[in-house]
Amino acid sequence: MSNSNAQLIYAAAVITMNDAGDIFTPGFIRVKGALITEVGAGHPAATDGEAVHDFADDILLPSFVNTHHHLASSLIQGAEPKHKMAVGTVRDGAWLKMSVGLDREECEAGSSLGYLQLLESGITTTTDSQSTWKGLSKLDGSITAAVKSGLRVIFCAAFVNKTELVPADYQLTVSESVGELARLRSTYQNERVTIEPEPLSLPRVTDELVLALHKERNQLMAMHLTYSEEFDQWARKEYGYPAVVHLEKLGVLDEKSLLAHPVHFDDEEVSLLKKSGASAAYCAVSNMHMGLAIPDLRRYSDQGIPVGLGLDHPNGSHDFFETMKTTVLTQRSLNRDQESFTPLRALEMATRDGAKALKLFDQIGSLEVGKKADLLVIDGNAPELQPPAGLISQVVMAAKAKCVKHVAMDGKWHLFNYKHQGMNPQEIFASARDIQKRLLESAGIYNGVRGAR
Ligand SMILES: [Zn+2]
């Protein structure tokens, strides 16, 4: 495998996800450095110095954009959380220690495992949300993993200053929060990893903190919003109106707002999202994992509100194909209508809409000249894709993460022929195993080789 500066890539099908919805069978794409220079149909001859990749049986599409996650929690993937998603805190001591009390080393190990699996699922751009704890260096661990991963990461440094979720001694003041954000940016930010503020969620922050962090945002400000009926009732009681109305009145709802897994928005809130240009992340599997409701996504798409897909924690998996398929299934079931949501809509949310939600659609999210060569190649010979028919529906409804054969970002192959070109899986697995065992033991719930439950 060559990483020549100029590449000509052939594929049995090229799904561009551009505005026109062009699909070329067969098709090709030319890449120079990090950027796409040509996309089209057929099999043109290579020019001198061009490295040729002939993916003659395979499907090429833009790599995926994951708009929401808590990657350090990958350390406990597959474990069943005992708490529910509540406005207050109902975690038992052991799970508080497990899922929230991770230290720097644990955050790095968990996040590294997450990045490995994101890449194997065809994701090259992701957000990661991690809460700060005063005196602990959790975010340093999480961001170190982001930098080492080589992927494109918008890291959301999450702050709280009025919640039992983080014990009072570990909470930062407003000015300490702003200072910590500046420290993280000056220490770690580079051309791939950017750091943005996240007032974690309204019940856990003061308005003063929201306003201070809003002033510090560059590309976006993330926030968890109205994920449950309890949250909605809390907001109406606390403010006298719904949560989105409160953000609007505060003056912080705008085109740089990214709202994490909201479910319960009334019509006024949806109109405010449209008016402000705000976007959202929908996390189908995680929402259902926590027993939360399913929003009708047509309420957003009908208004042109960008909503991307997210994995989120808990999820139990990093298979973005599972999230796409689950999105289709839940929308159809919710609407009691098979035609109410298509596989193409899910693929749009996983690529171009996710890029729009992260304000990156001018650079990624579709295969077009001048955009970054962020590429996902699905193995056309995988058993799941036999016999070859119904291209988009096969990708969304039949393919799995295990069908992901090659992945490139900025024209550089990070996964080639199923092999990692940058990350070291053995090291990452060994570290995750050791640290998870230690964490379970110290939390008092280690119960043998296969864990507690
Ligand atoms: Zn979340």
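A crossing of two helices is right-handed if the near helix is turned clockwise from the far one by less than a right angle. The exercises below use a predicted model.

**Exercise 1. Describe how helix α4 packs with helix α5.**

Step 1. Locate the helices. α4 covers residues 174-188, and α5 covers residues 207-215.

Step 2. Take distance and angle. The two axes come within 10 Å and cross at roughly 25°.

Step 3. Name the arrangement. Angles under 35 degrees count as roughly parallel. α4 and α5 are therefore roughly parallel to each other.

Step 4. Give the hand. α4 passes α5 in a right-handed crossing.

Step 5. List the residues. α4 makes the contact with Val174, Ser177 and Val178, while α5 uses Glu208, Leu209 and Ala212. By class, four are nonpolar, one is polar and one is charged.

**Exercise 2. Do the same for α2 and α3.**

Step 1. The axes of α2 and α3 come within 7 Å. Their crossing angle is roughly 30°.

Step 2. That angle makes α2 roughly parallel to α3.

Step 3. The crossing of α2 past α3 is right-handed.

Step 4. From α2, the contact takes Arg104, Cys107, Glu108, Ser111, Ser112 and Tyr115. Among their partners in α3 are Lys138, Asp140, Thr144 and Lys148. The contact residues divide into four nonpolar, six polar and five charged.

**Exercise 3. Find what lines the second largest pocket.**

Step 1. Start with the space. The second largest pocket holds about 320 Å³.

Step 2. Go to the centre. The pocket has 15 lining residues, and the closest to its centre are Glu108, Ser112, Lys148, Glu427 and Ile428.

Step 3. Assign elements. α2 (104-120), α3 (138-149) and α15 (425-442) each give two or more residues to the lining. α2 gives the most, with five.

Step 4. Sort by class. The lining has six nonpolar, five polar and four charged residues.

Step 5. Link back. Glu108, Ser112 and Lys148 line this pocket; they also take part in the contact of α2 with α3.

**Exercise 4. Place three backbone features: two cis peptide bonds and one positive phi.**

Step 1. Know the background. Most residues other than glycine have a negative phi, and most peptide bonds are trans.

Step 2. Thr25 and Pro26 are joined by a cis peptide bond, with omega about -5°. Pro26 sits in the loop between β2 (23-24) and β3 (27-32).

Step 3. His313 and Pro314 are also joined by a cis bond, with omega about 0°. The loop between β13 (307-309) and α11 (320-335) holds Pro314.

Step 4. Met17 is not a glycine, yet its phi is positive, about 60°. Met17 lies in the loop between β1 (6-15) and β2.

Key: Residues numbered from 1 in each chain as written. Predicted model: local features only at pLDDT ≥ 70, side-chain atom pairs only at ≥ 80, totals over all residues. Heavy atoms only, no water. Axes fitted to C-alpha atoms, helices over the stretch in contact; angles between N-to-C directions. Helix = DSSP H or I, 4+ residues; strand = E, 2+ residues; numbered from the N terminus. Parallel < 35°, antiparallel > 145°, perpendicular 65-115°, else oblique. Contact = heavy atoms within 4.5 Å. Nonpolar A, V, L, I, M, F, W, Y, C, P; charged D, E, K, R; others polar. 1 Å grid on protein atoms, 1.4 Å probe; cavity = no way out; pocket = protein on both sides within 12 Å on 5 of 7 lines; lining within 4 Å. Points joined across faces, edges and corners; volume = space filled by probe spheres on them.
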